[in-house]
Amino acid sequence: MGTTLAEKIQSIRGMNDILPDETPAWQFVEEKLRQLMQSYDYDEIRFPIVEKTALFKRSIGEVTDIVEKEMYTFDDRNGDSLTLRPEGTAACVRAGVQNGILVNQQQRLWYLGPMFRHERPQKGRYRQFHQIGVEVFGLDGPDIDAELICMTARLWKALGLSDSVTLQLNSLGTPSSREVYRSILTDYLQENKPLLDEDSLRRLESNPLRILDSKNPAMQDMIGKAPRLMDHLDDESKEHFTRLCAYLDSAGIAYEINTRLVRGLDYYSKTVFEWVTDKLGAQGTICAGGRYDGLVKQLGGRDTPAVGFAMGLERLISLVDNDELEKHLKHPHAALLMMGERAQNSGLALAEQLRNDVSGVRVLTVCGGGSFKSQMKRADKSQAKIALILGDDELDNNAITVKYLRASRDSDKPQQEQLSQSQIIELMNKLVSF
Ligand code: ATP
Ligand code: MG
């Protein structure tokens, strides 16, 4: 009779584990992002992953994909409706208003973490995914819009992606100019009503601009001929847009004006942009953002101009070249073998000593004992540069044996040698700085 295995509990569809062989890529990209934020002097903010449902409904807009069908919403035990954050901007604004850090101040903030949307899982589209978001408050000029775009362009360069992405740009105007355009667009869509799909019919009254964002192939021709918001902009938005384009021109950042770019969230005004790639199939947008001058007030704060963007890390990481990532894999500098009981007793202390004395060193202790051969196998598998061997012989001689696994040694030296502890430290320092 065999033992029966308990049934395995699986993760939730679209919510992925990031396994040990994948985390180096994440750490590499996250490190690059942190350096990027530092180089522009932006500050990190952290807020909860759960918020009151009303926050997202009021900010993102009732008639949007996110609020209509993608939110993870549930009742808390006391009956409050809560939602796992589908994006960061609303929560960032909520935190800023609540903590009084937006009044009469300029804030340049960033955050990084998981977001949740109940979408159909596929490549580049998950139910738990990760974003880095950047939000700037208290600046209303196009110069800061340009800075955010420069920042993203710098990231593509740092990750070797400049040739894979293109920038699309549009202006949504002020709410009042958008009202005028909205009625012109509604008239046009009414005339073409037979061509509208179910989603679009529903949006015809509530949110006609979103119809321009439809991916339905059958509607593309009709959408292409629709009146353009760009032709109905108010003077202020027009000037803002012209100046933004001038900034980008002088920064040498190429862009394409896409008059159909409306973004999936209601809170945008004036500048909107997306960075897109043709390397990821249908999920081609890796970074999206824009200005949202009305949102802070709409969420109960003082009138505060704001602009920001969010970038999906899964899509970003899948674009980064594997060879590039390989270069950044972090293997141990040394694996310590402990042969016999005496060595096992003093081995961990030796490893601690190395970590004290050699800053930045990575030491793997081959715990659990075993034959020399099996310990060596584990050392080799770790891809350590050297093996440090501690046995009775070494303990008697107050020495440690070094076996060079991958590190190049001086050609006149043997492949294996006994060194004193201070010689070992000297060697390890060399390995770390190499
Ligand atoms: P899409 O049009 O692809 O649905 P979106 O307009 O809903 O994107 P935003 O809300 O603007 O996306 O989010 C910004 C970025 O976050 C996207 O460009 C993408 O990189 C990433 N993102 C959004 N939804 C997902 C998801 N379900 N899975 C993975 N990444 C996502
Ligand atoms: Mg979406």
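# Reading a predicted model: sheets, rings and a ligand site

Tutor: N258 lies in the loop between β8 (256-257) and β9 (269-277). The model in which this residue is placed is a predicted one.

Student: Which backbone nitrogen lies 2.9 Å from a polar atom of the side chain of N258?

Tutor: The backbone nitrogen belongs to R260. Setting aside residues up to four places away in sequence, N258 also touches Q168, L169 and N170.

Student: How should the strands be read, and what is the order of the 8 strands in the open sheet?

Tutor: In general, the strands of a sheet pair through backbone hydrogen bonds, in either a parallel or an antiparallel sense. In this structure, the open sheet of 8 strands follows the order β1-β5-β6-β11-β10-β9-β7-β8, and its pairing is mixed. Its edges are formed by β1 and β8, each of which has a single partner strand, so one side of each has no neighbour in the sheet.

Student: How many bridges pair strand β10 with strand β11?

Tutor: Strand β10 (residues 285-291) and strand β11 (residues 306-312) are joined by 5 bridges in the antiparallel sense. One residue pair to locate on screen is G289, whose bridge partner in β11 is F309.

Student: Which strands does helix α5 lie across?

Tutor: Helix α5 (residues 142-158) lies across β5, β6 (128-137), β7 (165-171), β9, β10 and β11, and runs at about 20° to β11.

Student: What is the order of the 5 strands in the other open sheet?

Tutor: The order is β13-β12-β14-β15-β16, again with mixed pairing. The edge strands, which pair on one side only, are β13 (363-365) and β16 (416-419). On average, neighbouring strands of this sheet are turned by 25° against each other, direction ignored.

Student: Which strands pair with β15, and in what sense?

Tutor: Strand β15 (residues 400-404) pairs with β16 in the antiparallel sense over 4 bridges. Strands β14 and β15 also run antiparallel, joined by 4 bridges. Towards β16, I400 stands opposite L419, and T401 stands opposite Q418. Towards β14, V402 of β15 is the bridge partner of L388.

Student: Why is β15 described as largely enclosed by the rest of the structure?

Tutor: The reasoning rests on accessibility: a residue is buried under 20% relative accessible area. Of the 5 residues of β15, 4 are buried, so the rest of the structure largely encloses this strand.

Student: Which helices lie across β15?

Tutor: Helix α14 (residues 372-381) lies across β12 (334-338), β14 (386-390) and β15, running at about 165° to β12. Helix α16 (residues 421-433) lies across β12, β13, β14, β15 and β16, running at about 30° to β15.

Student: Is H333 buried or exposed?

Tutor: H333 has 4% relative accessibility and therefore counts as buried. This residue is found in the loop between α12 (322-326) and β12. Neighbours within four places in sequence aside, its contacts include G360, V361 and R362, as well as M428, L431 and V432. By contrast, D21, in the segment before α1 (23-39), counts as exposed because its relative accessibility is 63%.

Student: How is a pair of aromatic rings described?

Tutor: The description uses the distance of the centres and the angle of the planes. This structure holds 7 aromatic pairs. In one of them, F47 and Y111 are edge-to-face, 5.0 Å centre to centre with 65° between the planes. That pair links distant parts of the chain, 64 residues apart: F47 is in the loop between β1 (43-44) and β2 (50-52), and Y111 is in strand β5 (residues 107-116). Both F47 and Y111 are buried. Elsewhere, F137, Y267, Y268 and Y292 form one aromatic cluster.

Student: Which of the 16 residues around ligand 1 come nearest?

Tutor: They are R117, E119, R125, Y126 and R263. A polar side-chain atom of R117 lies 2.7 Å from an oxygen atom of the ligand, while a polar side-chain atom of E119 lies 2.6 Å from a nitrogen atom of ligand 1. In addition, an N or O atom in the side chain of R315 is 3.1 Å from an oxygen atom of ligand 1.

Definitions and conventions:
Residues numbered from 1 in each chain as written. Chains lettered and ligands numbered in written order. Predicted model: local features only at pLDDT ≥ 70, side-chain atom pairs only at ≥ 80, totals over all residues. Heavy atoms only, no water. Pairing = 2+ DSSP bridges. Helix = DSSP H or I, 4+ residues; strand = E, 2+ residues; numbered from the N terminus. Axes fitted to C-alpha atoms, helices over the stretch in contact; angles between N-to-C directions. Contact = heavy atoms within 4.5 Å. Phe/Tyr/Trp six-rings, centres within 6.5 Å; stacked < 30°, edge-to-face > 60°. Buried < 20%, exposed > 50% of the residue type's maximum accessible area, 1.4 Å probe, protein only. Polar contact = N/O pair within 3.5 Å; in protein donor to acceptor, adjacent residues only side chain to side chain. Near = heavy atom within 4 Å.
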